[in-house]
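This report looks at how nonpolar and aromatic side chains are arranged in one protein model. Please have the sequence and the structure open while reading.

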Amino acid sequence: MLHITSLPSPYGVGTLGREAREFVDFLARSGQHYWQILPVGPTGFGDSPYQSFSTFAGNPYLIDLDDLREEGLLEKEEYAHIDWGEDPLQVDFGALYEGRFGVLRKACRRLLASPPKEFKTFCRTHQAWLEDYALFMALKGAHNGSCWQDWEDPLRTRQPQALEEARRELAEEVDFWKGVQFLFFHQWEALHQAAAQKGVSILGDLPIYVAYDGADVWAEREQFQLDEEGWPIEVAGCPPDAFTADGQLWGNPLFDWAKMKRDGYDWWLRRIAHQFTLFDALRIDHFRGFEAYYAIPYGEETARNGRWRPGPGIDLFKAIKKALGPRRIIAEDLGFLTEGVYKLLAATGYPGMRVMQFGFEGRDDSSYLPHNFVPNCVVYTGTHDNDTIRGWMDHTSPDNVAYAVDYLRLTKEEGYVWGMMRGAWSSVAELAIVTMQDLLELGSEARMNAPSTSGCNWKWRMPAGKLTPELAARLRHEMGLYRRLD
């Protein structure tokens, strides 16, 4: 597991370019079959890949500038000397925001001066979401980045005449955002093909919810639980638990599942189908929300006063299978689980997740301990929401560490981090995924996300020069030991 933004590059953030292709080569040499990433949608305030301006669009930050230069769309001096941030091991999202779009405008001006036929084909193919997204972003820029709820009423409520006038007045800006998406998808397809040629499948990640201030809600308000003025009635989150006394208030609008069912879940079918044009397999985040979701009255400052409401259940996944056929889907079945969630997971046949760190944090016979795994599951030592293995061992209780050492027979000679990863690889789980941070045996400074915190997340970047032949050989040896090469 390594998000694209965490790859090295000279320009402030990991991209779809040379370093990504070299990472694919490393995975192939290491005997790896899957590269798991985080969501690739355009991020907004807070920089979380789980809060995007569109569930269909791609993140402009991921477009590689050197590849644009190779295609004649940029000159080196137009981006090489921009201040992309001082620390090569941290993404400076503020510097990216200030510097990246001016460079992309130069590239898009050259692209659109004589659009290739591939651009026109792209616009036709993706018209169903691209037109609304490009207009949304153009309008957002014209309104100094304000939420669509603060726009003039004709635009806020999408009155046809107002939308047509906006398309005419903002035509150049609308074309720019279409051009950005063309560049993203063009580079994505090249990386995806390169991975396929090396036998590496890309495992994507789909947030269950979408951002309120995004093109999805603005363009298709009827799909969400909104009042007559377009404000959420209730919003998403998680109830209080042993770790968060106030729960988690995510704030996303909730789906109108009754409306979606009447439509045959058309919005979800379009969403899932689009994901599988990008990825070979898909992890669906917060799977338990399809059985029952936690609804918090809009305006609450914590998640304490929410209540559980029934989700769509198996109906949605039957519709997906009927429309799209069998697909490789992984269910993120973590959190507060009930018998109903277990039954839904079994009915779908999807593999669930096992996070080994959780197994050593109690003394019960946890399903997260390897002896309780089943083949139809995906094991992680930790995910992007957990500390690294080394960080976990530094900060969890000594009793938990002692339990893991005894259970896994960890030794200092092998290294505790590699010993825990060995526990995942040697299990019966069909798929075992470890983070790049753990392969490099990094501590808490390399943690990607700490839930319920802000300002310090999503920034970690891998140091350059770490994809060594020695690391690839060691990883491949482990895959051979536990028959994970085939």
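A nonpolar core is here a set of buried Ala, Val, Leu, Ile, Met, Phe, Trp, Tyr and Cys residues joined through side-chain atoms within 4.5 Å. The model under discussion is predicted.

The largest nonpolar core holds 145 residues, among which Trp35, Trp188, Trp268 and Phe290 touch the most other members. Helix H8 (residues 171-197) gives the most to this core, contributing 11 residues. Leaving aside residues up to four places away in sequence, Trp268 is in contact with Leu206, Ile208, Phe255, Trp257, Met260, Phe290 and Leu316. A second core of 12 residues, separate from the one above, includes Leu203, Ala281, Val378 and Ile433.

Aromatic pairs number 49 in the structure, and two tilted examples are set out below.

| Pair | Centre to centre | Angle between planes |
|---|---|---|
| Trp129 and Tyr133 | 6.2 Å | 55° |
| Phe224 and Phe255 | 5.6 Å | 35° |

Trp129 and Tyr133 are separated by about one helical turn, because they stand 4 residues apart in helix H5 (residues 127-142), and both are buried. Phe224 and Phe255, by contrast, link distant parts of the chain, being 31 residues apart, with Phe224 in the loop between helix H9 (215-219) and strand E3 (234-238) and Phe255 in the loop between strand E4 (248-253) and helix H10 (257-262). Phe224 is buried at a relative accessible area of 3%, and Phe255 is buried at 1%.

One aromatic cluster includes Phe224, Phe255, Trp268 and Phe290. Arg271 lies over the face of Trp268, 4.9 Å from the ring centre, while the charged end of Arg105 sits over the ring of Phe176, 4.0 Å from its centre.

Key
Residues numbered from 1 in each chain as written. Predicted model: local features only at pLDDT ≥ 70, side-chain atom pairs only at ≥ 80, totals over all residues. Heavy atoms only, no water. Buried < 20%, exposed > 50% of the residue type's maximum accessible area, 1.4 Å probe, protein only. Helix = DSSP H or I, 4+ residues; strand = E, 2+ residues; numbered from the N terminus. Contact = heavy atoms within 4.5 Å. Phe/Tyr/Trp six-rings, centres within 6.5 Å; stacked < 30°, edge-to-face > 60°. Lys NZ or Arg CZ within 6 Å of the ring centre and 35° of its normal.
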